[in-house]
Amino acid sequence: MTNQENRTASNHWRSTFGFIAAAAGSAVGLGNIWKFPYITGQNGGGTFVLFYLLCIVFLGFPIMVAEVMVGKISQSSPVRAYSRLSNQSRLWQVVGSIGVITGFVILSYYSVVAGWTLHYLFLSITKGFPQGSQPEAYADLFTSLYQSVRLNIWWHTVFMGITTVIVLRGVRGGIERVAEWGMIALFGLLVGLAIYSSTLPGFPTSLEFVFGQSAKFTWSSALEALGHAFFSLSLGMGAMLTYGSYLQRRDNIVTTCTAIAIADTTVAIGACLILFPITFSVGLEPAAGPGLVFINIPLALLQLPFGQIWLLVFFLLLSLAALTSAISLLEVPTAFLIDSLGWSRSMAASCCAALIYLLGFPSAVSGGEGFWGEGLKQILGMTWFDTVDYLASNWLLPLGGIGISLFVGWRLTYQQRKQELGSLPWLYSILVFLIRWLIPVAIVLVMLHALGVL
Ligand code: TRP
């Protein structure tokens, strides 16, 4: 059986825009709106943002092209794709399997944060927010959610349940439509909020903070920016590879990836330009940590006319963005079991989801007093939640990125690359140079610096 025969029409995206929407739906998520602004705040702003943007252009974009390419040529999920294109090499299968495991780890804590957005969506419906404009009241609201074992487990359960139901039904078709509408609505809302934020007194200070120089930047900030470029674009664990495997021959990889990377970056920078003006206007700390979006957005929106409705729309779209990302995370191990071990979709999706659900428990109780929260903080300096986030984003994803770039740069043939990278010789040369040399060397250098070896 040839590669193309394996996949029938129903195994492909309905349209190129459908692929862009689904892949952008995977990329745009909590990483952009929840995580990017808060780590920018913690790392002092400007220089961190600049380094992040350089990582997106010179590392993230070429790796996205490389991942989608391996998916499209092999028409298979990660482990099988590596195996097919490398004459069943064991080494490359191991590289693919690490990606599958990374997906497990990321979704386990991603679902907990997505649960927080569901809780806030619930509060917007039931009008459960504090009255008035005291930042402390909103900060207390977030802290009590963060520390509550019961609420975290409940919303983690609900979110994993919804994600599983969608993946059980197959991501193609359904996900395409949800992502198309969700993405357009999210963009519209963000533009509206950015216009509102630009009228706030803290706007000039926040421009200076996001685009100016910062003194706080260290090598571990560099590693964090690099890791987050991977996290935000959904790279380094085979999600883009899997989505790329549902592409058809005629689809152009370079143009679609450009659109996805631009959409993702616009939302991340846009989220900063919405959140920081609020932060500076009410005198909050930019380095407030994971609560930033959950404290600032309700605080600001409830001051507006129809604030309750704005808030509801915001958390609805944020939950949707989290859902389209989570679906891509669950799809990778599911597609692996279907493709490599011949499992049925329902078996594969429910077993993966059950394992990820259990793995998420320690993260769900990380805000509490127990072992996984305060206990580990005493020992490691970080809660379980922070530890898995740190290991997955800063180490596992960039390592997966080295794997995919070495594979495409050195293992694929000239013809395979040439066919997918199009007819522009200069573009081909630049991309192949980045994929072969710059990316692996740059990632290793940043890692060694962050470890203090260099
Ligand atoms: N990119 C998503 C976000 O920014 C998260 C995500 C989805 C992801 N799929 C991924 C991260 C694959 C790494 C790998 O929220």
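# Exercises on a predicted model

Pro277 is found in helix H13 (residues 253-281). The model is predicted, and the exercises below are to be worked on its coordinates.

## Exercise 1. Pro277

Task: State whether Pro277 is buried or exposed, and give its C-alpha distance from Thr205.

Solution.
- Step 1. The relative accessible area of Pro277 is 0%. The limit for a buried residue is under 20%, so Pro277 is buried.
- Step 2. In sequence, Pro277 and Thr205 are 72 residues apart. In space, their C-alpha atoms are 7.4 Å apart.

## Exercise 2. Cysteines

Task: Find how many disulfides the structure holds, and explain why Cys272 and Cys351 form no such bond.

Solution.
- Step 1. A disulfide requires two cysteine sulfur atoms within 2.5 Å.
- Step 2. For Cys272, the closest cysteine sulfur belongs to Cys55 and is 15 Å away, which is too far for a bond. Cys272 is buried, at a relative accessible area of 0%.
- Step 3. For Cys351, the closest cysteine sulfur is that of Cys352, at 7.0 Å, again too far for a bond. Cys351 is partly exposed, with a relative accessible area of 32%.
- Step 4. The count of disulfides in the structure is zero.

## Exercise 3. Helix H15

Task: Compare the span of H15 with the expected one, then locate its kink and describe the residue just after the helix.

Solution.
- Step 1. H15 covers residues 307-341, a run of 35 residues.
- Step 2. From first C-alpha to last, H15 reaches 50 Å, close to the 51 Å expected at 1.5 Å a residue.
- Step 3. The helix has a kink of about 30° at Glu331, shortly before the proline Pro333.
- Step 4. Gly342, just after H15, takes a positive phi of about 75°.

## Exercise 4. Cavities

Task: Count the cavities of 30 Å³ or more, and describe the linings of the largest and the second largest.

Solution.
- Step 1. There are six cavities of 30 Å³ or more.
- Step 2. The volume of the largest cavity is about 150 Å³. Its lining comprises 19 residues, and those closest to the centre are Ser26, Ile106, Phe231, Ser234 and Leu329. Two or more lining residues come from each of helix H2 (16-27), helix H3 (30-42), helix H6 (90-126), helix H11 (219-232) and H15.
- Step 3. Sorted by class, the lining of the largest cavity has 11 nonpolar, eight polar and no charged residues.
- Step 4. The second largest cavity has a volume of about 100 Å³. Of its 15 lining residues, Tyr82, Val95, Gly236, Met237 and Gly238 are the closest to the centre.
- Step 5. Helix H5 (78-85), H6 and helix H19 (384-411) each supply at least two residues of this second lining, and H6 gives the most, with five residues.
- Step 6. The lining of the second largest cavity contains eight nonpolar, six polar and one charged residues.

## Exercise 5. The largest pocket

Task: Determine which helix gives the most residues to the lining of the largest pocket, and classify that lining.

Solution.
- Step 1. The volume of the largest pocket is about 450 Å³.
- Step 2. The pocket is lined by 26 residues, with Tyr38, Gln42, Met382, Asp386 and Asp389 nearest its centre.
- Step 3. The helices that each supply at least two lining residues are H3, helix H7 (135-147), H11, helix H18 (371-380) and H19. H19 gives the most, with six residues.
- Step 4. The lining of the largest pocket divides into nine nonpolar, 10 polar and seven charged residues.

Notes
Residues numbered from 1 in each chain as written. Predicted model: local features only at pLDDT ≥ 70, side-chain atom pairs only at ≥ 80, totals over all residues. Heavy atoms only, no water. Buried < 20%, exposed > 50% of the residue type's maximum accessible area, 1.4 Å probe, protein only. Helix = DSSP H or I, 4+ residues; strand = E, 2+ residues; numbered from the N terminus. Expected span 1.5 Å × (residues − 1). Bend = angle between axes of the 7 residues up to and from the residue. 1 Å grid on protein atoms, 1.4 Å probe; cavity = no way out; pocket = protein on both sides within 12 Å on 5 of 7 lines; lining within 4 Å. Points joined across faces, edges and corners; volume = space filled by probe spheres on them. Nonpolar A, V, L, I, M, F, W, Y, C, P; charged D, E, K, R; others polar.
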